[in-house]
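Here are a few short exercises to work through with the model open in your viewer. Try each task before you read its solution.

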Amino acid sequence: MEQEEGLTAVDNILSQFNTYEDFLDSQITTVDLYYLEDEVLARQLVELGYRGTGEVVKREDFEARKAAIEIARLAERTQEKTLTSAGKDLKDNFLKALAVREEDNHNGKVSSVIFIRDRNSHGQEVSGYIDYAHRLKTEDFKVYFNGKRRLLPRSTDLSFYNWDRHIAVCNSSPNYQVIADNPEGLLFKYKRDRKILNVDPKAQPGDNSTRVPIQTELYIQAVIFDHISRRKT
């Protein structure tokens, strides 16, 4: 109980003063300065409890509590920055699936590849495979989780195909190497453990990988492949 009261007193002081010196100065009276004629000495006496108009707070308590509060603030900012899906009222299964996977893709526990087939803003049918973790690092997903925009494959993703214009593009990402010249179809090699992800719906996705079709109203077709790396870091 005494410890809680002590923390409350320090928190009250922290809310009023940026530095410990500012707190000490607030405890020094004009009379103290008149007789002592030394601001540094006056601060030392307040710190020791011999002078002052308020409660005695040790420097180490002030600094420790201030550091703890700053760490908590940074952790909160990091959490907010990391989980863009947090606190969103997600209705569609696809967005819910992305939200469930967001944190694990951020920290590398899971690497998800998203397949999407739908029509773009020009009415052209497009499809492609997206490296979810890479996209999370390179753009703000708030616009997708807020419903302001739809996530669609781009020509810079792992693969992109415009069915109307017959444009096909493949690109390796920081996480995956694209293997396009394979007789069995398109393959992705996860660079961390060198495991192969097979996206052929008629084949097994590969070691430590799963294929999850998503029932969604946002797209013609959506599938998420999840790969769990077993390589020790």
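The exercises below go from one residue to the cores, a sheet and a pocket.

Ground rules: this is a predicted model, so local features need pLDDT of at least 70 and side-chain atom pairs count only at pLDDT 80 or more, while totals for chains, interfaces and linings use all residues. Numbering starts from 1 along each chain as its sequence is written, and side-chain values use heavy atoms, with hydrogens and water left out.

**Exercise 1.** Place Thr-210: which strand is it in, and what does it touch?

*Solution.* Start with the strand: Thr-210 sits in β8, residues 209–213 (strands are DSSP runs of E, at least two residues; helices are runs of H or I, at least four). Next, exposure: Thr-210 is partly exposed at 40% relative accessible area (buried is under 20%, exposed over 50%, with a 1.4 Å probe and protein chains only). Now contacts, meaning heavy atoms within 4.5 Å: skipping residues up to four places away in sequence, Thr-210 touches Pro-205, Ile-224, Phe-225 and Asp-226. Asp-226 is 16 residues away along the chain, yet the two C-alpha atoms are separated by 5.3 Å.

**Exercise 2.** Find the largest nonpolar core: how many residues does it have, and which element gives the most?

*Solution.* A nonpolar core is a set of buried Ala, Val, Leu, Ile, Met, Phe, Trp, Tyr and Cys residues joined through side-chain atoms within 4.5 Å. The largest one has 19 residues, and Phe-94, Leu-98 and Ile-114 are among those with the most contacts inside it. Helix α6 (93–107) is one of the elements supplying at least two residues, and α6 gives the most, with 4. A second, separate core of 12 residues includes Val-113, Leu-197, Val-223 and Phe-225.

**Exercise 3.** In the open sheet of 3 strands, what is the strand order, and which strands stand at the edges?

*Solution.* The order is β5-β6-β7, paired antiparallel (pairing takes at least two DSSP bridges). β5 (176–179) and β7 (196–198) are at the edges with a single partner each, so one side of each has no neighbour in the sheet. Strand β6 (187–190) pairs with β7 over 3 bridges, and Leu-187 stands opposite Asn-198 in β7.

**Exercise 4.** Which residues lie nearest the centre of the largest pocket?

*Solution.* Of the 19 lining residues, those are Phe-115, Ser-127, Gly-128, Tyr-129 and Trp-163. A pocket here is an open set of points on a 1 Å grid over the protein atoms alone, where a 1.4 Å probe fits, with protein on both sides within 12 Å along at least five of seven lines; lining residues have an atom within 4 Å of a point.
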